[in-house]
Amino acid sequence: MKIKLTTCCLLALLFASSVVAVDTTYIQSPDKKVVFRLFQQNKQLAYSVGLLNQTVIEPSVLRMTIDGKPVSEGAVAGKPL
């Protein structure tokens, strides 16, 4: 349950952020101790999380489904439409 809540919070930060790089998006906590990184890996969205310059969540594929159907396949990081 705690992991799902953390993931939801990170996704909320992602969609609220306007910080966009060409291939990687970084979102930092206000004190810059926590960094969320969204990037493409093997044609899929992936993420990792760092705390105090140490990786606490290794790069992981980001998969989202609605009613059991994948909605994140083929997604790319970039500027919102």
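Reader: What makes the approach of the side chain of Ser-72 to the backbone oxygen of Leu-62 a polar contact?

Author: In this predicted model, the side chain of Ser-72 comes to 3.4 Å from the backbone oxygen of Leu-62. A polar contact is a pair of N or O atoms within 3.5 Å; within protein, one must be able to donate a hydrogen and the other to accept it, and residues adjacent in sequence count only if both atoms are side-chain atoms. The separation of 3.4 Å therefore falls within the limit of 3.5 Å. A polar atom of the Ser-72 side chain also lies 3.0 Å from the backbone nitrogen of Met-64.

Reader: On what basis are such values obtained and filtered?

Author: Residues are numbered from 1 along each chain as its sequence is written, and side-chain values use heavy atoms, with hydrogens and water left out. Because the model is predicted, local features need pLDDT of at least 70 and side-chain atom pairs count only at pLDDT 80 or more, while totals for chains, interfaces and linings use all residues.

Reader: Why is Ser-72 called buried?

Author: Buried means under 20% relative accessible area, exposed over 50%, and partly exposed in between (1.4 Å probe, protein chains only). Ser-72 has 8%, so it falls under the 20% limit and is buried. Ser-72 is found in the segment after β6 (69-70). Leaving aside residues up to four places away in sequence, Ser-72 touches Leu-62, Arg-63 and Met-64, where contact means heavy atoms within 4.5 Å.

Reader: How do you know whether Gln-54 is buried or exposed?

Author: Gln-54, in strand β4, has a relative accessible area of 58%. This value is over 50%, so Gln-54 is exposed.

Reader: Why is the aromatic pair of Phe-36 and Tyr-47 called stacked?

Author: Rings of Phe, Tyr and Trp (its six-membered ring) pair if their centres lie within 6.5 Å; planes under 30 degrees apart count as stacked, over 60 as edge-to-face and the rest as tilted. The structure holds 1 aromatic pair. The ring centres of Phe-36 and Tyr-47 are 5.9 Å apart and their planes stand at 25 degrees, so the pair is stacked. Phe-36 belongs to strand β2 (residues 34-41) and Tyr-47 to strand β3 (residues 44-51), so the pair ties together parts that are 11 residues apart in sequence. Strands (E, at least two residues) and helices (H or I, at least four) are DSSP runs, numbered from the N terminus. Both rings belong to buried residues, Phe-36 at 4% and Tyr-47 at 14%.

Reader: What makes the set containing Phe-36 and Tyr-47 a nonpolar core?

Author: A nonpolar core is a set of buried Ala, Val, Leu, Ile, Met, Phe, Trp, Tyr and Cys residues joined through side-chain atoms within 4.5 Å. The largest has 7 residues: Ile-27, Phe-36, Leu-38, Leu-45, Tyr-47, Val-49 and Leu-62. Strands β2 and β3 each supply at least two of its residues, and the largest share, 3 residues, comes from β3.

Reader: Why is Arg-37 said to lie over the face of Phe-39?

Author: A charge sits over a ring if NZ of Lys or CZ of Arg is within 6 Å of the ring centre and within 35 degrees of the ring normal. Arg-37 is at 4.0 Å from the ring centre of Phe-39, so the distance satisfies the 6 Å limit.

Reader: Which elements have the lowest and the highest mean pLDDT?

Author: pLDDT is the predictor's confidence in each residue, from 0 to 100. Helix α1 (residues 2-16) has the lowest mean, 50, and strand β4 (residues 54-61) the highest, 95.
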